[in-house]
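User: Could you walk me through a couple of local features in this model? I'd like the cut-offs spelled out as we go.

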Amino acid sequence: MDDLDRQLAEVLGIDVKALEVFEFSNYVESSVENINNNYKKGNKIAYFAILSGIATYKMEKKPGAGHDFFEVVDAIHNCFKKNPQGGYDKGYADGLYALISVSSAKVGSLEQLLRILFYQLDKEKDGTAAFKIDIDDMIAKINALICENREVYRKDYAMFDSWLERYKKIAKEEYGLELG
């Protein structure tokens with residue numbers, strides 16, 4: 001939105017911040033549709049790019065704000081609502097599995113993965129999710145990942161064990177899941 005658009009919106013009494021959020025949401029949904037088209041053409045890890053925020057799929061409300069995976073997950077669910085047969089749920093799940101498979105070296109990658117999963121589970125709990133994921137299978141794979149890479153994570157982040165304890169507590173108390 002340029003300055004002229006902002007001025008016009010203000011004169012018309014339109015909430016400029018709300019309009020910017022609306023525009024961003026539409027942009028993210030359009031990006032999800034693009035990713036889904038690539039997924040349907042056979043790129044089974046297409047969703048990995050938008051879930052992790054790689055290159056042109058880094059979804060930032062403002063430059064430097066960081067990748068907004070919350071908006072991405074919401075957009076995936078919105079696209080699914082509009083087209084339940086579109087494969088958005090399957091592509092999203094495959095993207096999550098791709099994230100699991102590459103989260104073996106950095107605690108930051110593992111943390112982003114867990115935050116995405118916890119947000120998905122929050123949506124499922126509050127009824128805003130358009131579909132559910134197979135969390136039991138994903139947690140089993142994440143637990144295997146943690147077991148196999150515990151020493152790598154400790155080298156990456158000296159406070160890994162206390163970090164993991166915090167996430168274990170959240171997983172257990174909020175979602176009834178055994179993590180780690």
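Analyst: What follows covers one helix and then one residue. This is a predicted model, in which local features need pLDDT of at least 70, side-chain atom pairs count only at pLDDT 80 or more, and totals for chains, interfaces and linings use all residues. Residues are numbered from 1 along each chain as its sequence is written, and side-chain values use heavy atoms, with hydrogens and water left out.

User: How many residues does H8 have, and how far does it reach?

Analyst: Helix H8 (a DSSP run of H or I, at least four residues, numbered from the N terminus) has 16 residues, 160-175, and its first and last C-alpha lie 21 Å apart, close to the 22 Å expected at 1.5 Å a residue, where the expected span is 1.5 Å times one less than the number of residues.

User: Which residues of H8 are buried?

Analyst: Phe-160, Trp-163, Leu-164, Tyr-167, Ala-171 and Tyr-175 are buried, meaning under 20% relative accessible area with a 1.4 Å probe, protein chains only. They sit on the same side of H8 because they cover an arc of only 95 degrees around the axis, taken from the directions from the helix axis to the C-beta atoms.

User: What covers them?

Analyst: The cover includes helix H6 (107-126) and helix H7 (135-156).

User: Switching topic, is Asn-36 buried or exposed?

Analyst: Asn-36, in helix H2 (residues 16-40), counts as buried because its relative accessibility is 1%.

User: And which side chain does it join through a polar contact?

Analyst: The side chain of Asn-36 makes a polar contact of 2.6 Å with that of Tyr-47; such a contact is a pair of N or O atoms within 3.5 Å, and within protein one must be able to donate a hydrogen and the other to accept it, while residues adjacent in sequence count only if both atoms are side-chain atoms. The Asn-36 side chain also reaches the backbone oxygen of Gly-86 at 2.9 Å.

Terms used. Helices (H or I, at least four residues) and strands (E, at least two) are DSSP runs, numbered from the N terminus. Buried means under 20% relative accessible area, exposed over 50%, partly exposed in between (1.4 Å probe, protein chains only). Contact means heavy atoms within 4.5 Å.
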